[in-house]
Amino acid sequence: MADRRQVIIKVFRKYGHSLGPESLEFLEELLDRHDIADEDVEFSIEWMAKEYNKQDDAQMKVSLSVLQRVYETFQNGDSEGAQEHALLDPDSHMFVIDAFEMPLWHWSTERSTFERASGPLTSSGSADSRVMAMRNRLNVIKQCVLRNDHFSPSTLPSKDRENLLTLRSTKQLLGRAGDRFLLFGMLTHSKEGKLCLEDQDGLVELDFSQLDQPSEGLFTEGCLALVEGDYTEDATLLVIAIGHPPCESREAARSIFGHVDFLGKGATTLLEDKQLASRVQVELTDLRFFVLSDVWLDRPETLHGIRKLLDNCMETNFIPKLIVLCGNFTSVGVPQGNGREIRRYQEHFEALADIIASYPLITRDTHFVMVPGPLDVTLNSVLPRRPLLSSFVSRLRSRIPKVHFATNPCRVKFFEQEIVIFREDLMSRMLRNLVGVKPDVKNDDLKRYLVQTILDQSHLMPVTTSIQPTLSEYDHALRLYPLPTAVVLADRYDKYQMTYEGCHVFNPGRFVGSTFTFSAYAPARRESEECILDLDLDDGWS
C-alpha cells in the first residue's frame, strides 16, 4: 500500500499537482475497486493525471470533486458516444487568429505551468519584455526536455535509471575541469566573436575541434541546443556531441496543458478533440483548403491563373472552404514615397477583388485569407507583421464578405486543428546564419533539416533578434507549442511536404510563371496535396 501511495504522489507531482489526503484516499480506493495489479498502477494513475489536467477547473492542489468527475466521465464514456449529433458546420468552427490577438502565456518556474500575462501588450516592448521573451523560449523547451523519457525517470525502480541523462547549468562547471557535462542553452557569439552556449546562469565557450559532425538539423546563432562535452582548464567546453532538443508531440503537450487557452478561442479537452477529429474524418472528407504563395498581382499571367483556378472549381463543382493567398503580392518592392507605384499596388488588389466577385458562389461560401509577405506594404517590417494596409484593400473588403486580412504569421483554428501560416524566405535566412550543419547535405536533407529545426525549436524564427527583429511582447505568436496540427512555411525555396512528430509541414511553392503550383490541405487526412495549374492545358489543374 505504501508503494502504491508513493507512485500516485510521484505521478501527480510530475504534472505539477499535489494531492490532499482525501484525493489520495479516493485514488487508492479506485485501484482496489478495479483490482489494478502493481505493475499497472503507474499506467492507470498516469491516465487519471492526464485526464485531470485537461479539465478547465483543474488546480495545482488536486480537487476531489474534479477527480470524481473525471472518473464518472470515464464510466459513462460509452453512452456519450451513442448520442446523435447534428451535422457539422465548418463555418462556425473556423477562426482566423491574428498574432496580435493571441494571449500571452508566461512559463512559471515556481508553479511549473503557464500563467497568463496581466495587462495590455504593447508593440514598443521594454527591456524586461525582451528578456522575458527569451526566457520563455528557453523554459518552454526545457520543461519538455526534462519530461522526455531520457531525462524523466519512471516512478518504479528499474535498470533504466542508470542510463538517464542529467542536465547541468553553466554555474556547475566552475572548479570541475576534466568532468563531462550535458548543458542546455542558446548558441551565441561572445564579444570576442567566439561561439558560446548561454543559459540563465552564464555562458561557456565551445570548442568544436573534437566534434566529427553535429546531429541532424540546422544550427544557427540564437537556436537552443543540447551540448555534451568535457570542461577544460581553459574554461572551455570540448564538445563531443550537439543536437536539437527533443520535440514533444501535440497530444503529449495537450494532455498536460489542455486547460490552457493558447489561442484565445476557448480551451477544449482531448476527449472533445478526439470526438471532433473522428467526425471531421467521416463527414468532411472532400473539404479542402487551398494555399497559394507569391501571388504576384502585378503580373497579368497571375490574375489569369487565379481566374483559371476559380473556373476549374466551378466546372468541377468543387468549392474550397478556405483559400489562403500569401505574399509577396508584387514581384518587386514598392518604392517608399512613389505615388505612382503605390497607386498601381492598390489597383492590383482591386483587380483581384473584381475577379473573385465575378464568381458569386465562391464569394459566398469561401473564406479568403490574405497574408503579407516581406515586400508587401504593412505598418511594420519586424515579426509579427501587421496586415496589409486597409487603404489598399478597401475594394476587397467591400466586395468579398468572408475575406480576412491576417498578420504574418497567423493561425487558423478549424475544429480541433491548429494550422499556422507563415510567409518568410526562411530557408535562405537560416542558411545565411548557420554555425553548424552536417557536411555534404543534399537538397532533400535541407528541407527535412529545416522542418526538424523549426519544430524542435518550437519557434518559427529560431535566430537572435539582431538577425531578425521581433516584437518582444508578441514573440509568443511565433511559438510552436503545443505543436500545431499543420504548419505552412510559404517560402520562395523549392516546394515540399512532410510530417514530423505528427505535425504536417508544407511549402506550397510559388504561384508564378506559366505553370502555377499551390497546395490543397485536407483537414480530414491532415495532409496536403501538390496541385499544378498549367495555363497551356485544357484540363486545368491536377
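**View 1. Asp294 is buried, at 1% relative accessibility.** Here, buried means under 20% relative accessible area, exposed means over 50%, and partly exposed is in between, using a 1.4 Å probe and protein chains only. This is a predicted model, in which local features need pLDDT of at least 70 and side-chain atom pairs count only at pLDDT 80 or more, while totals for chains, interfaces and linings use all residues. Residues are numbered from 1 along each chain as its sequence is written, and side-chain values use heavy atoms, with hydrogens and water left out. To find Asp294, look in the loop between β10 (289–292) and α9 (300–315). Helices (H or I, at least four residues) and strands (E, at least two) are DSSP runs, numbered from the N terminus. Asp294 has a phi near 55 degrees, a positive value in a residue other than glycine.

**View 2. Phe415 has a positive phi, near 50 degrees, although it is not a glycine.** This residue sits in the loop between β14 and β15 (417–423). Phe415 is also buried, with a relative accessible area of 4%.

**View 3. Six strands form an open sheet with mixed pairing.** Read across, the order is β1-β14-β15-β17-β19-β18. The edge strands, each pairing on one side only, are β1 (94–98) and β18 (496–500). From one strand to the next, the twist averages 15 degrees. Strands count as paired if DSSP finds at least two bridges between them. Strand β1 runs antiparallel to β14 (residues 410–414), and 5 bridges join the two. One pair to pick out is Met94 with its bridge partner in β14, Phe414. Helix α14 (residues 443–456) packs on this sheet, where it touches β17 (486–490), β18 and β19 (503–507). The direction of α14 makes about 45 degrees with that of β18.

**View 4. Two cis peptide bonds, one before Pro409 and one before Pro482.** The bond joining Asn408 and Pro409 has an omega of about 5 degrees. Pro409 lies in the loop between β13 (403–405) and β14. Between Tyr481 and Pro482, omega is about -5 degrees. You will find Pro482 in the loop between α14 and β17.

**View 5. Helices α3 and α4 cross at roughly 110 degrees.** The axes of α3 (residues 41–53) and α4 (residues 64–75) come within 10 Å. Axes are lines fitted to C-alpha atoms, for helices over the stretch in contact, and angles run from 0 to 180 degrees between N-to-C directions. The two helices are therefore roughly perpendicular to each other. In these terms, under 35 degrees counts as roughly parallel, over 145 as roughly antiparallel, 65 to 115 as roughly perpendicular and the rest as oblique. On the α3 side, Trp47, Met48, Glu51 and Tyr52 meet Val66, Leu67, Val70 and Phe74 of α4. By class, this contact has 7 nonpolar, no polar and 1 charged residues. Ala, Val, Leu, Ile, Met, Phe, Trp, Tyr, Cys and Pro count as nonpolar, Asp, Glu, Lys and Arg as charged, and the others, Gly among them, as polar.

**View 6. Helix α7 (residues 250–257) is largely enclosed by the rest of the structure, since 6 of its 8 residues are buried.** The buried residues are Arg250, Ala253, Arg254, Ser255, Ile256 and Phe257. They pack against α3, β2 (105–108), β3 (113–116), α6 (127–147), α8 (270–283) and β15.

**View 7. Glu350 in helix α10 touches two arginines.** The helix spans residues 339–357, and Glu350 counts as buried, at 12% relative accessibility. Not counting residues up to four places away in sequence, Glu350 touches Arg343 and Arg395. Contact means heavy atoms within 4.5 Å.

**View 8. Strands β20 and β21 form a hairpin with 4 residues between them.** Strand β20 (residues 515–522) runs antiparallel to β21 (residues 527–534), and 8 bridges join them. Thr515 stands opposite Asp534 in β21. Within this hairpin, Arg526 takes a positive phi near 60 degrees.

**View 9. Where to read the model with care: residues 78–85 and 537–542.** The protein chain has a mean pLDDT of 90, and 94% of its residues reach 70 or more. Residues 78–85 have pLDDT below 50, and this stretch has 4 contacts in the model beyond near neighbours in sequence. Residues 537–542 are also below 50, with 17 contacts beyond near neighbours in sequence. pLDDT is the predictor's confidence in each residue, from 0 to 100. Where pLDDT is low, the predicted coordinates should not be read in detail.
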